[in-house]
Amino acid sequence: MPQSIRSILGKPRVGKARARPSSSQAPQAPSPRRKRPSVKHHQNDDDDDDDGDDDDALFPAKFGDVGAAPVLTPRDELRLRDVIQAMRYVRSHMFSPVPASGLTSTRTAEVLNYRVSMPPLVTTGHVNAVLTSPPGKIEREVVELVGKGILRKVRVERRGGMGDALVETEDLEEMLSRAVVSGELSDGAKVKFLRILQDNATAQRVSGTGRGDEDLTACQTDELVRAGFLTSSTAAVPGNSLHVRPEDRTTLTSIQHVSRFASGTVSAVGGQNAIHLAGGGGGAPALTRRDGDDGGLAAFRIAVPGHGRYLKLADGAVDWVREALGKTKWGEGPESWLKEKFEGNGLYGTRWKEFWGVEWEWVLGQAVGLGVVEVFETGSVGKGVRALGG
């Protein structure tokens with residue numbers, strides 16, 4: 001019995017002895033846990049440094065500013081003597097050649113079709129960016145060329161307002177001829193439209209349809225609008241003027257206007273565009289007006305087909321430049337660094353993936369022309385590009 005009692009009493013002692021090591025090891029368990037967060041913290045810091053763009057590390061200090069630098073190289077500048085040469089140079093250097101290999105046949109066809117549809121426009125700011133002449137001299141030359149009918153200045157809508165663009169009259173006439181061949185435009189509409197352009201070299205708007213033989217008919221006006229050579233123009237848009245009547249701010253249907261017409265007519269309820277202007281309907285507003293109905297559009301702005309595609313490409317490329325400089329410490333960087341970053345890895349870089357192979361030189365000129373960046377001589381790493389916040 002005593003032996004059995006000792007054996008029984010000895011078991012708890014053995015159990016306590018076994019439990020003590022586990023209790024002694026308990027305070028050691030959190031120690032590696034306390035070390036792990038510190039290790040992870042350092043690893044995250046290293047990962048952040050590796051994943052970052054390293055722009056601040058590359059450009060920790062501001063570059064020297066020796067003076068303004070031209071967008072083009074001196075060799076290219078010597079070849080540009082006037083506005084026409086500058087426009088043709090900009091257009092010819094807009095896209096890089098399509099490579100013979102590296103792109104699929106489908107992608108090659110998409111790129112070629114996209115470039116064919118690009119209008120022959122050049123913004124006035126881009127012309128000023130590539131020419132070294134004073135802006136006043138360039139403007140006088142543009143006015144002279146427009147007055148002689150050699151150039152045509154058009155107003156194109158862009159984010160935040162309107163912008164001026166230039167197109168050669170010969171190119172515009174060629175576009176009209178292609179529209180006739182494709183069936184988008186009748187020959188009569190083309191002849192009358194060209195006559196109007198020749199008689200009004202500096203005009204940017206065309207009056208509404210008239211009744212004379214020299215005026216565009218309603219059908220011809222519709223053809224030109226659908227083909228992209230005319231766009232609707234309104235005098236005022238609600239929200240842009242403080243003098244718009246209260247009811248016009250919400251529906252664009254003026255009580256003063258509809259009260260002048262007899263009950264039961266279309267004009268008595270706001271005209272043919274009442275539903276569209278009030279925010280309803282999915283179609284476009286009416287492009288012509290009936291005789292005696294002043295509810296339609298009174299004038300049309302001269303346009304160039306495809307100008308929306310042109311502005312989308314230009315704005316996207318300029319936004320890329322703005323974002324790239326925004327990642328640096330001082331909002332500036334070497335021009336060579338920006339070019340290399342834009343072109344990326346050849347066919348698989350930003351230039352070909354997002355911007356259809358547009359040339360970096362064209363992008364830089366567009367950004368300078370819009371006042372988004374300026375180019376300057378650093379005195380150490382060549383040309384520098386600085387964001388202006390435009």
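**Exercise 1.** Are Phe342 and Trp360 buried or exposed?

*Solution.* Phe342 is buried, as is Trp360; buried denotes under 20% relative accessible area, exposed over 50%, and partly exposed the range in between, with a 1.4 Å probe and protein chains only. The model is predicted, so local features need pLDDT of at least 70 and side-chain atom pairs pLDDT 80 or more, whereas totals for chains, interfaces and linings use all residues. Residues are numbered from 1 along each chain as its sequence is written, and side-chain values use heavy atoms, without hydrogens and water.

**Exercise 2.** Classify the aromatic pair of Trp320 and Phe342, and place it in the fold.

*Solution.* Rings of Phe, Tyr and Trp (its six-membered ring) pair if their centres lie within 6.5 Å; planes under 30 degrees apart are stacked, over 60 edge-to-face, and the rest tilted. The structure holds nine aromatic pairs. Trp320 and Phe342 are 5.1 Å apart centre to centre with 75° between the planes, an edge-to-face pair. Trp320 belongs to helix 14 (residues 307-326) and Phe342 to helix 15 (residues 335-343), so the pair ties together parts 22 residues apart in sequence. Helices are DSSP runs (H or I, at least four residues), numbered from the N terminus.

**Exercise 3.** Classify the pair of Phe342 and Trp360, and name the aromatic cluster.

*Solution.* The ring centres of Phe342 and Trp360 lie 5.8 Å apart with planes at 45°, so this pair is tilted. Phe342 is in helix 15 and Trp360 in helix 17 (residues 360-369), so the pair ties together parts 18 residues apart in sequence. Trp320, Phe342, Phe355 and Trp360 form one aromatic cluster.

Note on methods:
Helices (H or I, at least four residues) and strands (E, at least two) are DSSP runs, numbered from the N terminus.
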